Amino acid sequence: MSRRTRKPLPKRRAGDRPKGAKPFRGSEGRPQGHRPAGKPQRIAAPVPRAPKLVAAAPPPEALLPTKVQTVTVTADENNMRVDRFLEARFPGLSFSHIQRIVRKGELRVNGKRADSKDRLEEGQSVRIPPLKLETPRATAHLSEAGAKTLAALKEMIIYEDDDVLVLNKPAGLAVQGGSGTTRHLDQMLEVMRDAKGQKPRLVHRLDKETSGCLLVAKTRFAASALTGSFRHRSARKIYWALVAGVPKPKQGRISTFLAKDESEEDSIMRIAEHGDEGASHAVTYYAVVETSAQKLAWVSLKPVTGRTHQLRAHMAHIDHAIVGDPKYFNKENWELPGGLQNRLHLLARRIVIPHPRGGVIDATAPLPPHMLQSWNLLGLEADRFDPIEHAPEE
């Protein structure tokens, strides 16, 4: 089998400080396990299922009007799309019904027809026609294969309420379909369609070989709110990785531009310059949690931006590639310690995000089997204090 040639990430000379890797909050020289005053929250050991979040009751406007009514756009609804506005005000309304009343001109903004993608402004007057819920569909009987898929999904659930699921995605399961992919999570979610035929929606992605917290919206209302949280960077994500060597400084910030190089066989993110075609700014904070001699380090990562392969490319850029990474691990003459599996050691450990109906979702995923094996072999303590808690949010 021919070996594919990829454009390597820029090399560094021995002793160089990684370009863009700067310490955060005066972290250099801080002893391992240091706990500042106030004892910030630890990443606790995972629980089988998070308690059900108590959501705020829907506002009075959520009751479907049986006659024409006029409502005023609030400050919180400023710049919201017309269709998202209706979904938020009336969560039970079907997408097709929303499109129909907008297309027919039954919904008016300040007396004028509006398109579903038009943005609303605070203080505008919205005329809403009588609305109705569609008759719920009978739940289809699942096949034997469908029942197995549903059981597999339920095994992955680490948080659930009426609007949101957080799944512990296993390593090796693709999130969406692609070339050569026959089974993926988006396809599996078909078995979770509700009585109205709504299928849970993915609101972010994880690489196929990355395990851990994956957020899924069960309703259009939740999908809109959660997508907005990611867009406005209100979501806080923490990843754990096992990397080659020990980064110096032990806590830092990596800031680069990334661009995609594509070929017929593969695609890879490369370090780019500002202004390069397709280049996007990417920022990652990292912190060394524990080390295994000077050979390996357990690193906690907080991505500020969400670029493709960002964490994998950034760690390779500072010459501390993630163990088992088939795309970005380019260290020559480096041997995997005995007993460790040659699989990607990257876990989406924790996600903290505002709940669409109030409150906060805070979910944590356990180490996947291959990483747990590595932690045990190396004597790493999975309940250690995680210094990434101190990293800035931007």
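**Briefing: loops, helix packing and cores**

Asn333 sits in the loop that runs between helix H6 (310–317) and strand E14 (346–354). The model is predicted. The chain holds 7 helices and 15 strands. Of its 394 residues, 47% are buried. Contacts between residues at least 6 apart in sequence are mostly long-range: 70% of them join residues at least 24 apart.

**Backbone exceptions**

- Most residues other than glycine have a negative phi, and most peptide bonds are trans.
- Asn333 is not a glycine, yet its phi is positive, at about 55°.
- Asn333 is exposed, because its relative accessible area of 81% is over the 50% cut-off.
- Asn110 also carries a positive phi, about 50°, without being a glycine.
- Asn110 belongs to the loop between strand E2 (108–109) and strand E3 (112–113).
- With a relative accessible area of 48%, Asn110 is partly exposed.
- The cis peptide bond runs from Lys248 to Pro249, with omega near 0°.
- Pro249 is placed in the loop between strand E9 (236–244) and strand E10 (251–262).

**Helices H1 and H2**

- Two packed helices are described by the angle between their axes and the distance between the axes.
- The axes of H1 (residues 82–89) and H2 (residues 95–103) come within 10 Å. They cross at roughly 130°.
- That angle lies outside the ranges for parallel, antiparallel and perpendicular, so H1 and H2 are oblique to each other.
- The crossing of H1 past H2 is right-handed.
- The H1 side of the contact consists of Val82, Asp83, Leu86 and Glu87. They meet Phe95, Ile98, Gln99, Ile101 and Val102 of H2.
- Sorted by class, this contact has 6 nonpolar, 1 polar and 2 charged residues.
- An α-helix has 3.6 residues a turn, so residues three or four places apart point the same way.

**How H1 is covered**

- H1 is mostly covered, with 6 of its 8 residues buried.
- The buried set is Val82, Asp83, Phe85, Leu86, Glu87 and Arg89.
- The cover over these buried residues includes two helices, H2 and H5 (220–231). It also includes strands E1 (69–72) and E4 (125–128).

**Nonpolar cores**

- In soluble globular proteins, nonpolar side chains tend to be buried together.
- The largest nonpolar core has 40 residues. Val166, Leu215 and Leu242 touch the most other members.
- Setting aside residues up to four places away in sequence, Val166 touches Met156, Ile157, Ile158 and Tyr159. Its contacts also include Cys213, Leu214 and Leu215. Ile351, Ile361 and Ala363 are touched by Val166 too.
- A second core, separate from the largest, has 33 residues. Among them are Met188, Leu214, Leu311 and Ile318.

**Around Thr256**

- Thr256 is part of strand E10.
- Is Thr256 buried or exposed? Thr256 counts as buried because its relative accessibility is 6%, and the cut-off is under 20%.
- Thr256 and Val283 lie 27 residues apart in sequence. Their C-alpha atoms are 6.7 Å apart in space.
- Leaving out neighbours within four places in sequence, Thr256 contacts Ile271, Ser280, His281 and Ala282. Thr256 is also in contact with two further histidines, His314 and His317.

Methods: Residues are numbered from 1 along each chain as its sequence is written. This is a predicted model: local features need pLDDT of at least 70, side-chain atom pairs count only at pLDDT 80 or more; totals for chains, interfaces and linings use all residues. Side-chain values use heavy atoms; hydrogens and water are left out. Helices (H or I, at least four residues) and strands (E, at least two) are DSSP runs, numbered from the N terminus. Buried means under 20% relative accessible area, exposed over 50%, partly exposed in between (1.4 Å probe, protein chains only). Axes are lines fitted to C-alpha atoms, for helices over the stretch in contact, and angles run from 0 to 180 degrees between N-to-C directions. Angles under 35 degrees count as roughly parallel, over 145 as roughly antiparallel, 65 to 115 as roughly perpendicular and the rest as oblique. A crossing is left-handed if the near helix is turned anticlockwise from the far one by less than a right angle, and right-handed if clockwise. Contact means heavy atoms within 4.5 Å. Ala, Val, Leu, Ile, Met, Phe, Trp, Tyr, Cys and Pro count as nonpolar, Asp, Glu, Lys and Arg as charged, and the others, Gly among them, as polar. A nonpolar core is a set of buried Ala, Val, Leu, Ile, Met, Phe, Trp, Tyr and Cys residues joined through side-chain atoms within 4.5 Å.
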